[in-house]
Amino acid sequence: MMATVLVVGADKGIAHSIVRQLDARGDDVIAACLFDGADLAADGIRVEPQVDVSSGESVKILAARLAANDTKLDAIYHIAGVMWLDELGDIDYDSFRKQFEINAIGPLRTIEALRGLLKTGAKVGIVSSRVGSLGDNTSGGMYAYRISKAAANMVGLNLHHDLSPDGISVLMLHPGMVATDLTKDFPGEHEYITPEQAAAGLIRNIDHLTPETSGRFQHSDGTFLQW
Ligand SMILES: NC(=O)c1ccc[n+]([C@@H]2O[C@H](COP(=O)([O-])OP(=O)(O)OC[C@H]3O[C@@H](n4cnc5c(N)ncnc54)[C@H](OP(=O)(O)O)[C@@H]3O)[C@@H](O)[C@H]2O)c1
């Protein structure tokens, strides 16, 4: 049966590829975009424009628009995020707070606002990052990004505890090192995968998500990660 799937942060990057791939396989995709998602709309994909996950009003408007046409969701991918680099001695706390608003509070306020639209048995995937793993932090740095993503992981685990009694599964996701605008100025030599590869892996993870694997943190390559 055709699934109705909301992808949040779909303007570009990994989320944009997920929208394209879900649409290509016949899912009923709703692309929530910060701007207008013009290229997706031009191809007949349903776009919800001006969805800013750092604004409570914005996500409530999204929820109201979806409710107004009786949309019930089989899955939500929350992918919107930013990476603004910093280092100790030069941390801009206004930027830090803004990053936290988007990366950590963003998924919480969005899923909280949309909760009533999720079907029993629905799936929620939230993209954080392996750099938000406490156990994996062997190099430090990136204070605002790491802290916001660690907090996002806690959002996901908490949502799992609250939503699993309703039959809703929640998975935290790491896409891998992906060549997108977000990483284009990232220092160091890294082996990047494409947004299409990351998207395919994340879709596979959500396809395979069950109540038994809910409340965990998974790489797009399928391996489960430590918190
Ligand atoms: N690329 C990697 O290697 C990597 C690794 C680990 C985790 N991640 C995570 O993966 C996610 C996607 O990243 P990406 O690499 O695809 O980056 P990207 O190409 O920069 O895409 C990020 C998306 O988030 C949207 N966005 C930003 N702020 C938003 C807001 N306030 N409300 C709604 N949408 C907002 C952007 O919209 P606009 O384009 O309109 O600004 C864009 O569509 C992020 O959460 C990122 O932290 C990426």
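In this predicted model, 28 residues surround the ligand, and G13, A80, G81, T180 and L182 are the ones that come nearest. Helix α1, residues 13–24, supplies three residues of that shell, which is the largest share. The same helix also packs against α6, with axes that come within 8 Å, and the points below take up the ligand shell, this helix pair, the helix α5 and two loop residues in turn.

**Ligand shell**

- By residue class, the shell around the ligand consists of 16 nonpolar, eight polar and four charged residues.
- G13 is among the residues that come nearest to the ligand, and G13 of α1 also takes part in the contact with α6.

**Packing of α1 against α6**

- Two packed helices are described by the angle between their axes and by the distance between those axes.
- For α1 and α6, the latter spanning residues 195–208, the axes cross at roughly 65° and come within 8 Å of one another, and the crossing is right-handed.
- On the α1 side the contact is made by G13, I14, S17, I18, Q21 and L22, while α6 contributes P195, E196, A198, A199, A200, L202 and I203.
- Divided by class, the residues of this contact are nine nonpolar, three polar and one charged.

**Helix α5**

- Helix α5 runs over residues 143–163, a total of 21 residues, and its first and last C-alpha atoms are 30 Å apart, close to the 30 Å expected at 1.5 Å a residue.
- The buried residues in α5 are A144, Y145, R146, S148, K149, A152, N153, V155, G156 and L159.
- The elements that cover these buried residues include the helix α4 (93–114) and the strands β5 (118–127), β6 (169–174) and β7 (216–219).

**Loop residues with positive phi**

- Q50, although not a glycine, has a positive phi of about 55°, and Q50 lies in the loop that connects β3 (46–48) with α3 (56–68).
- Q50 counts as partly exposed because 15 C-beta neighbours lie inside 10 Å.
- D70 likewise is a residue other than glycine with a positive phi, here near 60°, and D70 is found in the loop between α3 and β4 (73–78).
- D70 is classed as exposed because 7 other C-beta atoms lie within 10 Å, where the cut-off for an exposed residue is 12 or fewer.

Methods. Residues are numbered from 1 along each chain as its sequence is written. This is a predicted model: local features need pLDDT of at least 70, side-chain atom pairs count only at pLDDT 80 or more; totals for chains, interfaces and linings use all residues. A residue is near a molecule or strand if its C-beta atom, placed from the backbone, lies within 6 Å of it. Helices (H or I, at least four residues) and strands (E, at least two) are DSSP runs, numbered from the N terminus. Ala, Val, Leu, Ile, Met, Phe, Trp, Tyr, Cys and Pro count as nonpolar, Asp, Glu, Lys and Arg as charged, and the others, Gly among them, as polar. A residue is buried if 20 or more other C-beta atoms lie within 10 Å of its own, exposed if 12 or fewer, and partly exposed in between; C-beta atoms are placed from the backbone. Axes are lines fitted to C-alpha atoms, for helices over the stretch in contact, and angles run from 0 to 180 degrees between N-to-C directions. A crossing is left-handed if the near helix is turned anticlockwise from the far one by less than a right angle, and right-handed if clockwise. Two residues are in contact if their C-beta atoms, placed from the backbone, lie within 7 Å. The expected span of a helix is 1.5 Å times one less than its number of residues.
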